[in-house]
Amino acid sequence: MSNTIKVGIADLNAVKAPDILVTYALGSCVGICLYDVATRIAGLAHIMLPTSSSAGQGVLGQPYRFADSGIPLLVKKMEQMGSNRLRMKAKIAGGAKMFAATGNTTISNIGLRNIIAVKATLATLKIPILAEDTGKDFGRTVFFQSEDGKMIVKSATKGEWVL
């Protein structure tokens, strides 16, 4: 019997098979799913912003909010559970442009900036991205299965698909 563990906004968690991780309300935020097939350990981070350096003192106490600090902490949590970073693979979703805005302002392109920061952080950690569903203009909910590493993406307006 599996448990479904909720990951909130600016949060992360990791589980072992057969548990399932879920995060809701991925608009401009990005959900990062990491999986180690050998140990069947799965991790999910729901990041809101690209870099902690832009937040100044605001990062203290909230490192899960940022791609550059949250993803390494997710990796560390998974390693503490027995995973090996060299076996981890990633799937990502989110980073939508949720609001129409004139021009390409910092606020209107936060989803794209989040996607770029997530990919850069994963590249630095040498974790390959196997699948992604990013960008576009709609929100998503992500379910991540530790049993087999499947990422199920649901959208109120677009339906459901598996990555």
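In the predicted model, strands β8 and β9 form a hairpin with five residues between them. The turn of this hairpin contains G149, which has a positive phi of about 75°. Strand β8 covers residues 140-145 and runs antiparallel to β9, to which it is joined by four bridges. Within this pairing, V142 stands opposite V153 of β9. Strand β9, residues 151-155, is mostly covered, with four of its five residues buried.

A further hairpin follows, in which three residues join β9 to β10. Strand β10 comprises residues 159-162 and pairs with β9 in the antiparallel sense over four bridges. K154 has E160 in β10 as its bridge partner. The two residues also form a salt bridge, with the closest N and O atoms 3.7 Å apart. E160 counts as exposed, at 52% relative accessibility, while K154 is partly exposed, with a relative accessible area of 33%.

The chain as a whole has two helices and ten strands. From the N terminus on, these elements run in the order β-β-β-β-β-α-β-α-β-β-β-β. Of the 163 residues in the chain, 45% are buried. The chain exposes about 7900 Å², and carbon and sulfur atoms supply 56% of this area. Among contacts between residues at least 6 apart in sequence, 62% join residues at least 24 apart.

An open sheet of five strands has the order β2-β5-β4-β6-β7, and its pairing is mixed. The edges are formed by β2 and β7 (129-134); each has a single partner strand, so one side of each is left without a neighbour in the sheet. On average, neighbouring strands of this sheet are turned by 15° against each other, direction ignored. At one edge, β2 pairs with β5 in the antiparallel sense over six bridges. Here N13 stands opposite L44 in β5.

Both helices are in contact with strands of this sheet. Helix α1 lies across β2, β4, β5 and β6, and runs at about 20° to β2. Helix α2 packs on the sheet as well, touching β4, β5, β6 and β7, and its direction makes about 25° with that of β4.

The largest nonpolar core has 22 residues. Within this core, the residues with the most contacts are I32, L34, V118, L122 and I127. Two or more residues are given to the core by each of β2 (11-16), β4 (30-36), β5 (41-47), α1 (67-80), β6 (88-94) and α2 (110-124). Helix α1 provides the largest share, five residues. Leaving aside residues up to four places away in sequence, V118 touches V30, I32, I47, A67, I71 and I92. A second core, separate from this one, has 14 residues, including Y35, A42, L44 and V142. Of these, L44 is the residue that stands opposite N13, and V142 is the residue that stands opposite V153.

The count of salt bridges comes to seven. In one of them, the side chains of D36 and R87 meet at 2.8 Å, N to O. D36 lies in strand β4 and R87 in the loop between α1 and β6, so this salt bridge ties together parts that are 51 residues apart in sequence. The accessibility of the two partners is as follows: D36 is buried, with a relative accessible area of 0%, and R87 is partly exposed at 31%.

Another salt bridge links K136 and D133, whose closest N and O atoms are 3.1 Å apart. K136 is partly exposed, with a relative accessible area of 47%, whereas D133 is buried, at 9%. Through salt bridges that share partners, D133, K136 and R140 are joined into one network.

Note on methods
Residues numbered from 1 in each chain as written. Predicted model: local features only at pLDDT ≥ 70, side-chain atom pairs only at ≥ 80, totals over all residues. Heavy atoms only, no water. Buried < 20%, exposed > 50% of the residue type's maximum accessible area, 1.4 Å probe, protein only. Contact = heavy atoms within 4.5 Å. Areas by Shrake-Rupley, 256 points an atom, 1.4 Å probe, with all protein chains shown as cover. Core = buried A, V, L, I, M, F, W, Y, C linked by side-chain atoms within 4.5 Å. Pairing = 2+ DSSP bridges. Axes fitted to C-alpha atoms, helices over the stretch in contact; angles between N-to-C directions. Salt bridge = Lys/Arg side-chain N within 4 Å of Asp/Glu carboxyl O.
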